[in-house]
Amino acid sequence: MKTVLVIDDDAGFRQLLGKWLTRAGWRVLEAIDGQGGIQLAIQLQPDAVICNLRMPGCNGFQVCRSIRDQAGTIEQPKIIVTTGSVYATDLRSAIEVGADECLVKPFKCDELIRLLESRQGRQTKETSAPRPPATVHASLPANQTPRVKFWGVRGSIPTPGPGTVHYGGNTSCVEVRADGEIIILDAGSGIRRLGLALAAEFKDQPIDVTLLITHTHWDHIQGFPFFIPAYNPQNKLRILGYEGARKGLHSTLTSQMESPYFPVSMRHMPGNVGVTELKELEFHVGKVKVQAAFVNHPGVCVGYRLNTSAGAIAYLPDNEPFQRLRSHAGGQHPSDQIEALKFASDQDQKIIEFLLNATVLIIDAQYDDAEYQSHVGWGHGCVDDVVALALFAKVKQLFLFHHDPDHDDPQIGKMLDWARQLVDMQGESLLVDAAREGLEYVLQSASVNV
């Protein structure tokens, strides 16, 4: 009897697969997380592995890499990755790091059995990136009122010029000061001006800063080489994020600073810089409890929720609602479409629960409804969906974020007006604004300063 190892953090899904596989004559082993699955795969050497792509602790990309790294030491199983993502880049990346096949949820029993019993596909081996230790977290006077300040609000690529003067043209970067901590959300081109401001404010005093990376698409990391505090050996900078699809976080950040792309490599930076690839979806930055959730965007991408003493700040700079995306899927049998939409609804509900009662929500609102129709599957949201999401989650203050590089100030203003109209039509009290560089929101007094 052939053996298959099922690695998935969803108990109900493991149970369903177990029934299917047992009926098909397979002996079934189970692991509830990626790390446990890797250990079982090495110890028991099953004939096949079925692994969820997005799991807390250790994702499917890491499982594939770890098993393929054992080539020559253990018998290599067939690896089938399962995922709710329909993005071609995710599926290609899974194959490149060692998966033989990919199945998009929801799928049918016969599809899975057919892939298991077919001839084994190509296997790819990739060397794991080094994992440097974490450094000490940021420090700031604990009596400062929690606040948010925008340094970069644009998506995809910086767009300087007369048409973006009001809202700004720098890519994603948000500063949070709360409960004694300086926390930076993403390192787009806006982080350069933030670094200059920190250096001017603190002068010769050493500072501790924590940088949270949502994902390693270039518009979220491109400003890091120009972050001046990282070059001061007295400062401490801790970079936290989740491992990417093809390379680890440290490797990705390092590669953009290697010659011929940049004159100073990351390993030669004089600052005390540490990179930690996170495993868990909950952790602390000082007194601030941080929660992360996987969102619907190509690659490994998360949103963060910072639970401060004055309320929660939620940051989802790149997210395409599942229901909107799946509702555009064509060529499906009606029963399959209904099942897919139910799955999508469940995924969106998880995001709503993640955002529930947040004081501030900063979220991807790149398109209006008409634009979204020609950008389905690009991994970004539209204003209508964002407002609905904020209302369902009972958010207090919504900031439209990740502005499209082709949108000038008047266009963003029109989208903001429409968002406020949507709230008024529902008779709700949700406050809505469009994120703009220099805008500061103070949580305790719920006030906005420019």
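This briefing describes the fold of one protein chain, from its overall make-up down to single residues. The model is predicted. Its chain of 450 residues holds 12 helices and 20 strands. The points below cover the whole chain, one open sheet, two helix pairs and some single residues.

**The chain as a whole**
- Of the 450 residues, 57% count as buried.
- About 18,700 Å² of the chain is exposed, and carbon and sulfur atoms supply 52% of that area.
- Among contacts between residues at least 6 apart in sequence, 71% join residues at least 24 apart.

**The open sheet**
- An open sheet is formed by 5 strands with parallel pairing, and their order is β2-β1-β3-β4-β5.
- The edges are taken by β2 (27-31) and β5 (101-104); each has a single partner strand, so one side of each lacks a neighbour in the sheet.
- On average, neighbouring strands of this sheet are turned by 20 degrees against each other, direction ignored.
- Within the sheet, β3 (residues 48-52) pairs with β4 (residues 78-83) in the parallel sense over 5 bridges.
- Asn52 has Thr82 in β4 standing opposite.
- Helix α4 (residues 88-96) lies across β4 and β5, and the helix runs at about 150 degrees to β5.

**Ala31, a residue in an edge strand**
- Ala31 belongs to strand β2, which is one of the two strands at the edges of the sheet.
- Is Ala31 buried or exposed? Ala31 is buried, because a relative accessible area of 5% falls under the 20% cut-off.
- Leaving aside neighbours within four places in sequence, Ala31 is in contact with Leu5, Val6, Ile7, Asp8, Arg14, Gly36, Gly37 and Leu40.
- Two of these contacts, Gly36 and Leu40, fall in helix α2 (residues 34-44), and Arg14 falls in helix α1 (residues 11-23).
- Ala31 and Asp9 are 22 residues apart along the chain, and their C-alpha atoms are separated by 7.9 Å.

**Two helix pairs**
- Two packed helices are described by the angle between their axes and the distance between the axes.
- Helix α2 (residues 34-44) packs against helix α3 (residues 60-68) at an angle of about 20 degrees, and their axes are 10 Å apart.
- The helices α2 and α3 are therefore roughly parallel to each other, since angles under 35 degrees count as such.
- The crossing in which α2 passes α3 is right-handed.
- Where α2 and α3 meet, Gly34, Ile38 and Ala41 come from α2, while Gln62, Val63, Ser66 and Ile67 come from α3.
- An α-helix has 3.6 residues a turn, so residues three or four places apart point the same way.
- Helix α1 (residues 11-23) and helix α5 (residues 109-117) pack at an angle of about 60 degrees, with axes 10 Å apart.
- This angle makes α1 oblique to α5.
- The helices α1 and α5 also cross in a right-handed way.
- From α1, Leu17, Trp20 and Leu21 meet Cys109, Leu112, Ile113 and Leu116 in α5.

**Helix α11 and the residue after it**
- Which residues of helix α11 (residues 383-392) are buried? They are Val383, Asp385, Val386, Val387, Leu389 and Ala390.
- Lys394, just after α11, takes a positive phi of about 55 degrees.

Terms used: Residues numbered from 1 in each chain as written. Predicted model: local features only at pLDDT ≥ 70, side-chain atom pairs only at ≥ 80, totals over all residues. Heavy atoms only, no water. Pairing = 2+ DSSP bridges. Helix = DSSP H or I, 4+ residues; strand = E, 2+ residues; numbered from the N terminus. Axes fitted to C-alpha atoms, helices over the stretch in contact; angles between N-to-C directions. Contact = heavy atoms within 4.5 Å. Buried < 20%, exposed > 50% of the residue type's maximum accessible area, 1.4 Å probe, protein only. Areas by Shrake-Rupley, 256 points an atom, 1.4 Å probe, with all protein chains shown as cover. Parallel < 35°, antiparallel > 145°, perpendicular 65-115°, else oblique. Left-handed = near helix turned anticlockwise from the far one by under 90°.
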